[in-house]
Amino acid sequence: MVKITEALIRKRAEHNEGEIFSLEEISLHQQDIEKIEHLDKWCRDLKIVYLQSNLISKIENVGRLKKLEYINLAINNIERIENLEGCESLKKLDLTVNFVGELTSIDSLRGNIHLEELFLTGNPCTEFEGYRDYVIATLLQLKTLDGHEITRTERIQAQQNYESIRDKMAEYEKEYLKKRDKERQEYEEKKAKKSEEESQNRKKPNESADGEEEGEEEGVDKAFWDEATAYTPESRVEVHEHMKKKKEKEEKKTEQPQRQRKFFNEDGRPFNINEAKLDFKLDDDDHGNVVLDLAVYKYLSTPMIDVDVQPHYVRVSFKGKVFQLALMEEVCPDSSDAKRSQTTGHLVITMPKANPRIPLRASQKGNKKEEQKSETQKDPREPQYLEVGHDVPKNVDLRNIVAESKKDAAAAKQSAIEKKEPENSPDFVDDPDVPPLM
């Protein structure tokens with residue numbers, strides 16, 4: 001049985017940023033829901049509700065939805081129209097393919113003055129003779145019934161024959177209720193018999209091979225679908241349970257063993273793991289701490305988060321997901337602190353370093369800044385003198401720097417003069433018509 005929970009509603013409210021108090025439309029179709037609950041408490045502003053293709057057997061807990069305009073309950077197990085008197089703004093009600101046999105229960109919709117469209121196609125009551133006329137004469141505010149517009153002539157004729165039609169509906173309804181009681185009794189007997197057979201089969205020793213078991217399961221499945229049964233709410237639930245069991249068996253066969261998580265390397269070094277693919281930021285502050293800012297889910301409950309700080313790594317676990325980060329420096333786990341932001345939901349973990357680096361004092365920083373400032377403010381036109389200290393190599397003669405440079409220049413000039421063009425060969429002919437070689 002699937003229940004309507006806060007987590008399910010938030011999941012279906014993604015278009016409204018996960019907010020449920022201001023939700024105006026929600027779709028809960030094909031969820032195997034058996035009971036309507038919590039919607040009238042958590043989502044008071046709902047205007048449109050989709051609950052088709054479920055296993056709902058009763059209309060309930062929607063009377064406080066004063067703004068509700070459209071509710072879709074098609075393909076469910078509803079047998080009676082009720083508990084909609086408080087839906088003052090209701091304009092459209094869809095009960096297609098249900099089990100509504102008590103047609104007189106539509107009298108409860110007289111007070112819904114804004115109701116314009118009603119769908120009862122596929123219900124047992126539609127087989128009653130005079131069904132349409134009875135509905136039209138009972139609900140004068142309707143404009144369309146089962147997708148067909150109600151004409152003025154049709155309404156007048158229905159009102160004229162209302163007394164006789166009402167008596168017929170009462171008789172049809174009594175016959176249908178007797179039939180339903182008989183169907184329920186047959187179903188209970190069948191269920192008891194089936195449970196006895198299952199209990200006897202369990203007592204027998206199971207020595208069949210895997211192939212024989214598969215053949216037996218196929219035979220049981222075939223017998224289930226070949227069995228002739230009436231279309232009732234009970235048979236619909238039975239079909240659903242049979243399909244659910246079959247699906248679970250198939251999932252078990254195809255289920256693969258879960259891979260074991262590895263948090264450490266063979267030499268003991270921790271791995272970096274981010275299964276949820278969360279954004280994070282790792283930084284150092286001015287007080288010798290390592291600060292981790294982890295962007296966990298905003299609407300995740302804080303008690304569901306588990307934080308484990310170790311000297312060389314930090315691990316955060318939530319909803320079966322693991323975030324682990326190896327630290328570059330050793331930290332003190334006992335002095336660490338974890339806080340949660342109330343606005344963004346981020347988790348901030350502050351971990352003091354075991355061996356913090358001593359920062360420069362403020363006075364030393366100030367002196368350094370002053371020295372840098374004085375150097376930058378020097379006049380570039382002011383002459384700068386070469387200062388000779390103890391770091392100058394002793395083998396350099398500072399007195400002959402200029403003289404040596406003059407000697408080098410004279411030697412270079414002499415070598416250029418000595419370089420002459422090579423002499424021509426004896427058979428060289430100076431022909432002016434021959435262009436020079438480039």
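Reader: Which residues have the most contacts inside the largest nonpolar core?

Author: Start with the general idea: in soluble globular proteins, nonpolar side chains tend to be buried together. In this predicted model, the largest such core has 53 residues, and L73, L103 and V135 have the most contacts inside it.

Reader: Which helices supply at least two residues of this core?

Author: Those are α1 (6-11), α3 (131-138) and α5 (162-203). Helix α3 gives the largest share, with five residues.

Reader: Let's zoom in on one of those hubs. What does L103 touch?

Author: Skip anything up to four places away in sequence, and you get C125, F128, Y131, Y134, V135, M169 and E173. V135 is itself on the list of residues with the most contacts in the core.

Reader: Which residues does the second, separate core include?

Author: V314, F318, L325 and I349 are among them, in a core of 19 residues.

Reader: C125 came up as a neighbour of L103. Is C125 buried or exposed?

Author: Buried means under 20% relative accessible area. C125 has 0%, so it counts as buried. Compare C332: its value is 27%, so it is partly exposed.

Reader: And how many disulfides does the structure hold?

Author: In general, a disulfide is a covalent bond between the sulfur atoms of two cysteines. Here the count is zero.

Reader: On to helix packing. How do α3 and α4 cross?

Author: Look at the angle between the axes; 65 to 115 degrees counts as roughly perpendicular. The axes of α3 and α4 (residues 152-160) come within 8 Å and cross at roughly 95°, so the two helices are roughly perpendicular to each other. On the α3 side, R132, D133, I136 and A137 do the meeting, and their partners in α4 are E154, R155, A158 and Q159.

Reader: Now the sheets. What is the strand order in the open sheet of seven strands?

Author: First the idea: strands of a sheet pair through backbone hydrogen bonds, either parallel or antiparallel. In this sheet the order is β1-β2-β3-β4-β5-β6-β7, and the pairing is mixed. The edges are β1 (25-27) and β7 (148-149), each of which pairs on one side only.

Reader: In which sense do β6 and β7 pair?

Author: Antiparallel, over two bridges, with β6 covering residues 144-145. To find the register, look for L145, which stands opposite H148 in β7.

Reader: What do β9 and β10 form?

Author: A hairpin, with four residues between the strands. The turn includes G288, whose phi is positive at about 75°. Strand β9 (residues 280-284) and β10 (residues 289-294) run antiparallel and share five bridges. Here D284 faces V290 in β10.

Reader: Is D283 buried or exposed?

Author: In between: D283 sits in β9, and its relative accessible area of 41% makes it partly exposed. Beyond its neighbours within four places in sequence, D283 is in contact with N289, V290 and V291. You can also check a distance across the hairpin: the C-alpha atoms of D283 and D293 are 8.5 Å apart, though the residues are 10 apart along the chain.

Reader: One last residue. Where is H242, and what is it in contact with?

Author: H242 belongs to helix α7 (residues 233-254). Its relative accessibility is 18%, so H242 counts as buried. Setting aside neighbours within four places in sequence, its contacts are D221, F224 and W225.

Terms used:
Residues numbered from 1 in each chain as written. Predicted model: local features only at pLDDT ≥ 70, side-chain atom pairs only at ≥ 80, totals over all residues. Heavy atoms only, no water. Pairing = 2+ DSSP bridges. Core = buried A, V, L, I, M, F, W, Y, C linked by side-chain atoms within 4.5 Å. Buried < 20%, exposed > 50% of the residue type's maximum accessible area, 1.4 Å probe, protein only. Contact = heavy atoms within 4.5 Å. Disulfide = S-S within 2.5 Å. Axes fitted to C-alpha atoms, helices over the stretch in contact; angles between N-to-C directions. Parallel < 35°, antiparallel > 145°, perpendicular 65-115°, else oblique.
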